[in-house]
Amino acid sequence: MTLDRTTQTDLIRVAHLLADAVRPVTLQHFRTADLIAQDKGVQVFDPVTIADRAAEQVMRDILAQERPNDGILGEEYGAQSGTSGLTWVLDPIDGTRGYISGTPTWGVLISVADDAGPLFGIIDQPYIGERFTGGFGIAALEGPHGAMPLTCRSETALADATILTTFPEVGTTKEMRAFQAVAGQTLLTRYGMDCYGYALLAAGQVDLVIEAGLNAYDIQAPIAVIQAAGGIVTNWAGEPAHHGGRAIAAANADVHAAALAILQDAMND
């Protein structure tokens, strides 16, 4: 979808409006003694808190006022159809396990997409006060050190790369082994990053993020931010990843190609 500059500007404005509004909602409950997590998982622990639900509701209320014709896809309250051809994809707290553990690796994911994928996205970390934005010609970080551009690393050999994922098990046993096949050829592997790992890739701090079992709301904002910063995000088949599933985010084409080839070989064994 081709959007005029006025529409782009309005989408950027509303995305920041959502991020600004949701910060105090998430911080109200973060690291509090009375925070209660309910388990919505089937086979694995999948927590949800009052903060998740309240944060998404705040964003939905704003969208009802500011962009009533747009659709919404959110983790907590599902899909709401629209008529504009645009959909807001919301994860009010990506990394709730980290949130209830007190780690600052969780974040608020906000993106706006058409049928082809995300057009603009925000990864916001309220506790640290960092906001990573990407799309419509913008690739920027605002945080405690001020404002700066986002730029992925342009050159890294796989042997020198830093690779991130959230869960050591990654997904299925086969997916875990595929990840380990890549990680075994890199310099450094770190776990437990949640959406903050994608932000670090866009900021030029790391080279690869590889995950599986994602939903659309887990990956669409990171796709927008990373692509705006010059990186690449695909699924493990090298195809668009905005519907979720298995994702590989890479700082540049060379490290993406090298890691993707290993993943595919491992999955085909």
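A pocket is, on a 1 Å grid over the protein atoms alone, an open set of points where a 1.4 Å probe fits, with protein on both sides within 12 Å along at least five of seven lines, and its lining residues have an atom within 4 Å of a point. This is a predicted model, in which local features need pLDDT of at least 70 and side-chain atom pairs count only at pLDDT 80 or more, whereas totals for linings use all residues. Residues are numbered from 1 along each chain as its sequence is written.

**Exercise 1.** Describe the second largest pocket by its lining residues.

*Solution.* Begin with the residues: 18 line this pocket, and Leu73, Thr87, Val89, Asp114 and Asp115 lie nearest its centre. Next, turn to the elements (DSSP runs, with strands of E and at least two residues, helices of H or I and at least four): those giving two or more residues to the lining are strands S3 (71-74), S4 (78-80), S5 and S6 (107-114), together with helix H6. The largest share, 3 residues, comes from S3. Finally, the space in this second largest pocket is about 270 Å³, a volume being the space filled by probe spheres set on the grid points, which are joined across faces, edges and corners.

**Exercise 2.** Determine whether the end-to-end distance of helix H1 agrees or disagrees with its expected span.

*Solution.* The expected span is 1.5 Å times one less than the number of residues. Because H1 (residues 5-29) has 25 residues, it should span 36 Å, and its end C-alpha atoms are 38 Å apart, which agrees. As a further step, consider its path: H1 bends by about 30 degrees at Val22, with Pro24 following within four residues, where the bend is the angle between axes fitted to the seven residues ending there and the seven starting there. Just after H1, Arg31 takes a positive phi of about 60 degrees.

Conventions
Side-chain values use heavy atoms; hydrogens and water are left out.
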